[in-house]
Structures are given as C-alpha cells and as structure tokens.
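Got your viewer ready? Load the model below and follow along, one selection at a time.

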Amino acid sequence: MRGYSRVYVRYQAFFQDRDPPRVPVPVDPITVAMYLQYIANAARTFSVVKTASAMVFTAHDLALVPADRNPTAHRLVAAVREAAHRRLGDRRLDRKEPLEFAFVQRGVRCWLMMGGVTRQMLATLGFDMWTGFWRYDCAEKVRLRDMKFCETHMTTFLEKRKTDKYSPMSLCFSRSMADCLAGKRLDYPQLRRYLLRMLGEAFGLDPEALRQLYGTQSLRYGGATAVVAADQVTDFEFNAYGGWSSSAAAATYKAVSLNR
C-alpha cells in the first residue's frame, strides 16, 4: 500500500466522516460505489478515479478478501467507474511542452558549475529524469544502494514503476531525494520549482514564465521524443525502457518536434 499511502489517507477520512464512522476495510460494494462517486465528482481526470479504485482493491486484497468478493468487482462499482470514464475521458490537463536536450544540458551545467550539494543533486536528478524517461515517482523511489558506477556510465535498479509492464528492472541514473537534503522529503511541487529555477538561471528567464510551458513531465516527454527522432531503437525497446504497455500508450509521450 506504500504507493497508495496518500490516496488511502483520503479514503480513511471519508469513512471517519460518516455518521456513524465506519471501518474502511472490509466494506460493502454500495459504500465503495458511493466513495468512487464522491471522488469522481471532484476529479478532473479519470486517472484519479482509477487510482482510487485500485487502492480499494489492493486494501481488500491485503486483508485477504477473496477476489470474487472484492467490492471493486461488483457491477455497481464497475458502473460508477464506467460513468466516470465516459464523463472525464482520457484527457490530459495542462499538457506541458517537451524539453530539448541542449536546453536541459545548459541548465544542468549551470548549476553544477555554481556548486553546492543541493544544486548538484538536483541538476543530476533533472538530467537523469530526461535520459531515463522518469516521472517524479521514479526519482523518489530510487536509492543510492541501487546504483552501480561503471567506467563510462551509471546504472540504477528500479524495482517497480507506475506503468511498468515488462520487467522489474530498469536502467536509469540518479540518487534518491530521500537520501539528500538532510533526510527531508522533496515533494513534487518543490522538485518542479527547483528544476524551473535551474533552467531560469541558465537562460536568464523568469521561472514563473517557464512554469506555464514546462513541468517535470517535460523531461520524460522530451527524452522520449528525442529517442524517437533518433530512430535507433525498436518499439519494444522503447516501450520497455519507458515502462509503457503498448505503442499507443507510448505515443502520448512522443511530440512531433522539440522546440526547447
């Protein structure tokens, strides 16, 4: 449940607010349907509802509830999910632009030359997110002990990624944010703010202006687009490296061209 910790906290709060309060696991299908409808009413994308449903399934599975009795399998819960999917669809909100390699490279070099452990760690992390097609959750999970230094490169073992369908291992390049910054956890808004500040200082641009165009996904988006443009890997290799289950899923990370 570690990956669903924040979602589970919200789930628990929902049941604590009932009158009378209820236990979150096990729970009947009608209550789960009510919860997913509550989530769907406030959601802007279907992925939020899908994640909430997956969390409920996992919580009951860990509680040893048989699969055929898992409330998420009930037709009423399935109907709520389907209705949410029809209403919200697969749209992506505020899709950011991909970042070109030279743009990222200049920002990284700027912060590496400025020195300081924090700047150097974040510069390395930003570069690794571009080359490794990383999301924030990948950068958060990897640990220093998972790294292997080679003569010409560095590899990192990732046990699991959000959408990995092929293998429990991926080769990337970074250090855990949890091992840095005096043990303080660097959350997503902080990471985005630091990366935009890095790029802004390298080019003399306002980080707030960059925020309208770029986010942390711009690194994954830019790296994937550059690899596709090079046309030197097979579709299977590309999908496996990025953790995509199909070419259709990977296509959402392939821009027509790179402007930055």
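## Start on the inside

Select H60 to begin: this residue is buried, with a relative accessibility of 0%. Keep in mind as you look around that this is a predicted model. H60 sits in helix α3, which covers residues 46-62. Now show what surrounds H60: leaving out residues up to four places away in sequence, its contacts are Y11, P24, V25, P26, V27, V65, N70 and P71.

Next, head out to the surface. Pick I30, M34 and L76 together and you have a nonpolar patch with about 270 Å² of accessible area in total. I30 belongs to helix α2 (residues 29-42), and its relative accessible area of 52% makes this residue exposed.

Time for the charged pairs. How many salt bridges does the structure hold? There are three, so let's visit them along the chain.

- **E82 and R86.** Both are in helix α4 (residues 75-88), four residues apart, or about one turn. Their closest N and O atoms are 3.9 Å apart. E82 is partly exposed at 41%, whereas R86 is exposed at 60%.
- **R197 and E201.** Go to helix α8 (residues 188-203), where these two are also four residues apart. The closest N and O atoms here are 3.1 Å apart. R197 is partly exposed at 35%, and E201 is partly exposed at 33%.
- **E208 and R211.** Finish in helix α9 (residues 207-211), with the partners three residues apart. Their closest N–O distance is 3.9 Å. E208 is partly exposed at 47%, and R211 is partly exposed at 34%.

Technical notes
Residues are numbered from 1 along each chain as its sequence is written. This is a predicted model: local features need pLDDT of at least 70, side-chain atom pairs count only at pLDDT 80 or more; totals for chains, interfaces and linings use all residues. Side-chain values use heavy atoms; hydrogens and water are left out. Patches are made of residues with over 30% relative accessible area and no salt bridge: like charges are joined within 9 Å, nonpolar side chains (Val, Leu, Ile, Met, Phe, Trp, Tyr) within 5 Å. Accessible areas come from the Shrake-Rupley method with a 1.4 Å probe; for residues, only the protein chains shown count as cover. A salt bridge is a side-chain nitrogen of Lys or Arg within 4 Å of a carboxyl oxygen of Asp or Glu. Buried means under 20% relative accessible area, exposed over 50%, partly exposed in between (1.4 Å probe, protein chains only). Contact means heavy atoms within 4.5 Å.
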